[in-house]
2 protein chains.
Amino acid sequence: MPLPDFRESAGPLPCAGGKGNSIPEATVARLPIYHRVLTAMAEQGIITVSSEELATACGVTSAKLRKDLSYLGSYGTRGVGYEVEFLGYQIARELGLTSPWGVVVVGVGNLGRALVSYRGFASRGFRILGLFDSHPDVVGSTVAVVDRSFTVRPVEELAEVVADQGAHIGVITTPADAAQDIAERMVKAGLHSIVNFAPVVLNVPTDVEVRKVDLAVELQVLAFHEQRRKNPAGSVVTELDPQRSVSGDRKAMNA
Amino acid sequence: MPLPDFRESAGPLPCAGGKGNSIPEATVARLPIYHRVLTAMAEQGIITVSSEELATACGVTSAKLRKDLSYLGSYGTRGVGYEVEFLGYQIARELGLTSPWGVVVVGVGNLGRALVSYRGFASRGFRILGLFDSHPDVVGSTVAVVDRSFTVRPVEELAEVVADQGAHIGVITTPADAAQDIAERMVKAGLHSIVNFAPVVLNVPTDVEVRKVDLAVELQVLAFHEQRRKNPAGSVVTELDPQRSVSGDRKAMNA
DNA sequence: AAGGGCTCGTGCACGAATGCACAAAGTTGA
DNA sequence: TCAACTTTGTGCATTCGTGCACGAGCCCTT
């Protein structure tokens, strides 16, 4: 209905307008991959890399890679490619990895321990500031990481640590039924970014960003495609409800 | 000598196959959430639910939910809503969860143990058929799950288990440097679906689907937005390379 | 039976994301 | 210096995903 009034911005390019450079979300999600591969290449002593080489190493197409990188600026050299170390630094800077972010982890089960002992944690701009749990026989125990060791603290001290040490990111590795409570504690403590490994949908204010990691979802998506592989096309609705009448025998599934 | 020339099966293969009903990939990725929430509602004795209620519980908009569900068929009742149990069953059937899929897990560190002990594993149509590791002092040990316990077997026996017991999905929870080798073993054993927790890009044939779960990526995406929260707009390029000359002082970052 | 109220299903339009193809810009070699 | 070659950066077209708005259909009340 409201026919879009002609925009006066001369070019159709999306970032030209008022607010500088807005990088597409899909691009942001790929930058960490580029960064990791570039780091690996730098460690192998590779000096320059073409978009074609880097793209195949990252599992994307070269056109997509070049477009992604173009949002950061013109950091390549035509006829040559990209300087590995320089480009890696630019991506790190764009992602905000040049100064470390404080991370708190709540839930010290197997999963929590696995995350804490993950190498790439510290080496990629993140610093664990505390481990928390609510279970009495876990609180007080120590978790040894490669260079440091942490004493598990009660969740009641979460806000204190966030305030004092300036944490910015919270990781939830608790069972599902505790996750919402922990999320609310994190929000109240002042965190705006949460990674949630618990299989529940968190309810948080709109200015808090939650990223969900869920094994069950991944498995089920794969199961869907595996099933498609078996049932070539539309032979799905075979034995049940052949005419798909809406209000018909929908209780038949219990039979 | 340099990096192995990766060539990942980029992107989710066009699940079309024939044509008929091809569900969009974005929808497939949300179906597991709907399924989980519906299951929880059914356990609470909820009989019917409107698209608005279900959408809020799943963290999506009602329009998106209805469009997603419309790809499966017309399973709602106008003026009323959806029957919780019935809709849950239809989603489960579409995802292929009505008969369990066999899963093998390679890499029995903290992460592997965490996944195996995950409750929702068996209850959502998946059955663990074996745990594998290459480290001698892990092989032979047992991992206790709620109802069963597994003996860790050497990776050499992977193909045998896949063939004999009919596994369909492989989960990689090894360190990064072992992941590519394990992926190749899985492919050779006949698996077409892999969930990869190791922070590397896997190189597999195009008919194998890999889903990647990566903590570092999630953290870095959050870091990006945290940084944006601080640096309101374009004050990023402050101290370094103010005029952004292409071939200029790009080594300055090392200074 | 008829009308009113509620909610699903979907056509349409818009924005985001991808892929293609090529000009621009740099390097190499004579 | 100039021409041939290589690779980036990007305009354009196409596909994909999302949101709005409304007709269609079901239930309930009178």
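**Entry 1: a pair within chain A**

I began with A:Arg153 and A:Glu157, whose side chains meet in a salt bridge with 2.7 Å from N to O; the model I am reading is a predicted one. I then asked whether these two partners are buried or exposed. A:Arg153 has 25% relative accessibility, and because partly exposed covers the range between 20% and 50%, A:Arg153 counts as partly exposed. A:Glu157 also stands at 25%, so A:Glu157 is partly exposed too. I noted for myself that side chains of opposite charge can pair when their charged atoms come close.

**Entry 2: the pair in chain B**

Next I looked up B:Glu157 and B:Arg153, and found that their side chains meet in a salt bridge at 2.7 Å, N to O. B:Glu157 counts as partly exposed because its relative accessibility is 26%, and B:Arg153, at 25%, is partly exposed as well.

**Entry 3: a pair between the chains**

How many salt bridges does a search of the whole structure find? Over all chains the search gives 14. One that I followed joins the side chains of B:Asp214 and A:Arg36, with 2.6 Å from N to O. This pair crosses between chains: B:Asp214 sits in the loop between strand 11 (209–212) and helix 9 (215–230) of chain B, while A:Arg36 belongs to helix 1 (residues 25–43) of chain A. I checked the accessibility of both partners and found B:Asp214 buried, and A:Arg36 buried as well.

**Entry 4: the surface near DNA strand D**

I then turned to DNA strand D, which is surrounded by 26 residues, the closest being A:Ser51, A:Arg66, A:Tyr82, B:Lys67 and B:Arg78. Of the atoms of DNA strand D that come within 4 Å of the protein, 63% belong to sugar and phosphate. When I sorted the surface near DNA strand D by class, I counted seven nonpolar, eleven polar and eight charged residues.

**Entry 5: single contacts with DNA strand D**

Which parts of DNA strand D do individual side chains approach? In the side chain of A:Lys67, an N or O atom is 3.0 Å from a base oxygen of the strand, and in that of B:Arg66 an N or O atom is 3.3 Å from a base nitrogen. For B:Arg30, I found a polar side-chain atom 2.9 Å from a phosphate oxygen of DNA strand D. Among the elements that give two or more residues to this surface are helix 3 (62–70) of chain A and helix 1 (25–43) of chain B. Helix 3 of chain B gives the most, with four residues.

Conventions. Residues numbered from 1 in each chain as written. Chains lettered and ligands numbered in written order. Predicted model: local features only at pLDDT ≥ 70, side-chain atom pairs only at ≥ 80, totals over all residues. Heavy atoms only, no water. Salt bridge = Lys/Arg side-chain N within 4 Å of Asp/Glu carboxyl O. Buried < 20%, exposed > 50% of the residue type's maximum accessible area, 1.4 Å probe, protein only. Near = heavy atom within 4 Å. Polar contact = N/O pair within 3.5 Å; in protein donor to acceptor, adjacent residues only side chain to side chain. Nonpolar A, V, L, I, M, F, W, Y, C, P; charged D, E, K, R; others polar.
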